[in-house]
Amino acid sequence: MRTLPFLVISLVIAGLVFAAALAIGNEYIFFAGYVVLQYIVLSTAWNILGGYCGYVNFGTGAFFALGAYSTVAIYNFIGKNELPHVIPMPVLMLVGGVVSGIVGFGMGYLTLRLRGAFFSIATLALAVVLQTLVINWDFVGGSRGAYILRPESVPLLGSYIRYLFLAMLLLAVGSLVIARLIERSRLGYGMTTIRDDELAAEASGVPTLRVKLIATTISGALMGMAGAPFPYYIGYLQPDSTFALDYAINAIAMPLIGGTSTWVGPLIGAVLLDSLQQLITVTISSAVNLLIVGCLLVAFVILAPNGIVGLFRKYFRHKHDDFVGRHRTALDEPGSVPAAGAAPE
Amino acid sequence: MIFSFDLLINAVVSGILIGGFYAAMASGVSLSFGILDIVNIAHPAFIILGSYAAYTFNHAFGFDPILVSIVMLPAFYILGAGIYQIYYVAFEKRGQESLRGLAFFFGLLFITEVALVLYFGVDYRDVEAWYIGPTWHLGDVDVPLRIAVPCMVSLLLIAALQLLLGRTFIGRAIMAVAQDQLALRLMAVNPIRIKRIAFAISIATASLAGAFLIIIQPVEPSVGRDYIGRIFAICVLGGMGSLPGTVIASMLIGVVESLTSTFYGPSWAPAVSFGFLLLTLAVRPAGLLGR
């Protein structure tokens, strides 16, 4: 499928989702749905670097928080200077995306020339440092946190949460389209070769550093964009919870559970895992919910390394092999197909 | 900001003492990450596990926390051996250690942490021992024993590890496994077994480091996160797999952090280790004493 029809179909599906949420008529649907959408964006963004390139980013929380604090900075700037009008959400998202993208680029430039592990560790430390900076920066509230007043209502839509939901829905569609576009482009093939064998990629003429930097920048920017509306959603932003590692584990677990090699994986992972989390948080507790995410992550990386998408593929290939297999085993390499088909779990 | 010589000397001394304690935390990672190339980011979680082990026995029976942690060494060793076995079968054997191995350890970090939260709650816990209250005064310099004792034991631990690595057969085999697994196999040594032993030792150090941590500061399950960046910064700065380098780097970071928090305020201290990490990665990725 070309990109344009895909975009149109995604928008139609997004429209149906929004209409369905409106039809249910319960505001809670928007609050819960917003979080699911936010994780679709975060896990898709993580997957562009992690799944396609094979570089693990533990700093999802940091990039997300950068976006959120850009919004707070703009909000406070407007408040201090008594500027009258409210900045529209797409502009805030853009600013958050640019800030996070720049930071992602800078950090990638310093660490991506080294082995992958160093990059991962640097992203872990980045979260700590950015948090230190924010805590010491009084303009955005410091360690006390920052309050954001949500406008009461929006024309046409009604409540503000619907507006946020819609913005996040469009961002989710956008990030899925970007991920899919990358996956099928020269850039995406470059990323895949880096993941499989960086040395071989370099030797075959893939500009590895440039490709990795592009991936880090896009991934960071999308995470920042997902963070930009967050202050309006939560109302009170506090450094400890905004920079939390919880975002990182979710953004890693969702693609790995869904499947990292395609754009569908993070989508499936985010929808399933976050719906489950919402359910557990409401019924049991939020600590148990993180425990389950951790256990699922470990179980999936050990037992189903290619995620749900991989399980599906295996299942269908298995059937396919059984169907065509008889001809092939008889004709060319006897033994090879049954071996592949009967591969142990 | 009033600058005084007293303040400076005290900051440097407490930095060195804290650095000695950092060295105990980082030595395990230095073994697993530096020598075996296993990026065990769950190490701080095992340290916290060690803290809670020390707390449990100290609280129930009044045993000395360091003594408890020494007795617990075999338990942590077995835990480490088990984890390596899973890691080897699920990731190293399939050649998937880079992405999924990292995710595996990240998952372990959360599982350990949340399990501790569910069992012990999120209250801060501390231990009791004779050296926790008093402070020695050497002239103008204050030496709080609650930091000095862990520092001393930690240096002993590292000396023991260094002897083990340099003088014993197992230790030399561990150093060899980092360089050439095939050569080791030709010497009729099973590299997987050697790696399992080395990783188990690295987790065992977490038992001691955990006891030191809870002696120095009250502990709740998620404090380990604050140390992830610091521990890895120390390892990279010291030079991968070099224990003397780890000690020097720990003390350096300890002193700079202590100076930062004395003269600029404690809220800036966490940024120090990251600054060092980035600087090292950009200027000298091999670290101070790297091979």
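Helices here are DSSP runs of H or I with at least four residues, numbered from the N terminus. The views below come from a predicted model.

**View 1. Ala188(B), a loop residue with positive phi.** Ala188(B) sits in the loop that links helix H8 (181–186) to H9 of chain B. Its phi is about 65°, positive even though Ala188(B) is not a glycine. Buried or exposed? Ala188(B) counts as exposed, because it has 6 C-beta neighbours inside 10 Å and the cut-off for exposed is 12 or fewer.

**View 2. Asp37(B), in the loop after H1(B).** Here we look at the loop between H1 and helix H2 (43–61) of chain B, where Asp37(B) has its place. Asp37(B) is another non-glycine residue with a positive phi, near 65°. As for its surroundings, Asp37(B) has 16 C-beta neighbours inside 10 Å, so it counts as partly exposed.

**View 3. The hairpin of S1(B) and S2(B).** Strand S1 (residues 135–138) of chain B runs antiparallel to S2(B), and 4 bridges join the two. Look across the pair and you'll find His137(B) opposite Asp142(B) of S2(B). Just 2 residues lie between the strands of this hairpin, and Gly139(B) in the turn has a positive phi of about 65°.

**View 4. Helix H6(B) and what it packs against.** H6(B) covers residues 145–167, which makes 23 residues. From first C-alpha to last it reaches 32 Å, close to the 33 Å expected at 1.5 Å a residue. Its buried residues include Ile147(B), Val149(B), Pro150(B) and Cys151(B); further along, Leu157(B), Ile158(B), Leu161(B) and Leu165(B) are also among them. What do these buried residues pack against? Their partners in chain B are helices H1 (5–35), H3 (65–71), H7 (169–179), H9 (191–216) and H11 (243–263), plus strand S2 (141–144). That puts S2(B), seen in the hairpin view, among the packing partners of H6(B).

**View 5. Where chain B touches chain A.** In this view, 34 residues of chain B are in contact with 36 residues of chain A. On the chain B side, the elements giving two or more residues are helix H5 (97–120), helix H10 (224–238) and helix H12 (270–283). Which of them gives the most? That's H5(B), with 15 residues. By class, this side of chain B has 26 nonpolar, 6 polar and 2 charged residues.

**View 6. Chain A as a whole.** Stepping back, chain A has 16 helices and 4 strands. Its C-alpha atoms fill a box of roughly 80 × 50 × 40 Å along the principal axes. The radius of gyration is 22 Å, which agrees with the value near 20 Å for a compact globule of 345 residues. Buried residues make up 47% of the chain. Of the contacts in chain A with a separation of 6 or more, 77% are between residues 24 or more positions apart.

**View 7. Confidence along chain A, down to its low-scoring stretch.** Chain A averages a pLDDT of 84, and 90% of its residues score at least 70. Among its elements, helix H9 (residues 208–227) of chain A has the highest mean pLDDT, 94, while helix H16 (residues 336–341) of chain A has the lowest, 38. Where does pLDDT stay under 50? It does so over residues 323–345 of chain A. For this stretch, the model has 12 contacts beyond four places in sequence.

Terms used
Residues are numbered from 1 along each chain as its sequence is written. Chains are lettered from A and ligands numbered from 1 in the order in which they are written. This is a predicted model: local features need pLDDT of at least 70, side-chain atom pairs count only at pLDDT 80 or more; totals for chains, interfaces and linings use all residues. The expected span of a helix is 1.5 Å times one less than its number of residues. A residue is buried if 20 or more other C-beta atoms lie within 10 Å of its own, exposed if 12 or fewer, and partly exposed in between; C-beta atoms are placed from the backbone. Two residues are in contact if their C-beta atoms, placed from the backbone, lie within 7 Å. The radius of gyration is taken over C-alpha atoms; the globule rule is 2.2 Å times the number of residues to the power 0.38. Ala, Val, Leu, Ile, Met, Phe, Trp, Tyr, Cys and Pro count as nonpolar, Asp, Glu, Lys and Arg as charged, and the others, Gly among them, as polar. pLDDT is the predictor's confidence in each residue, from 0 to 100. Two strands pair if DSSP finds at least two bridges between them.
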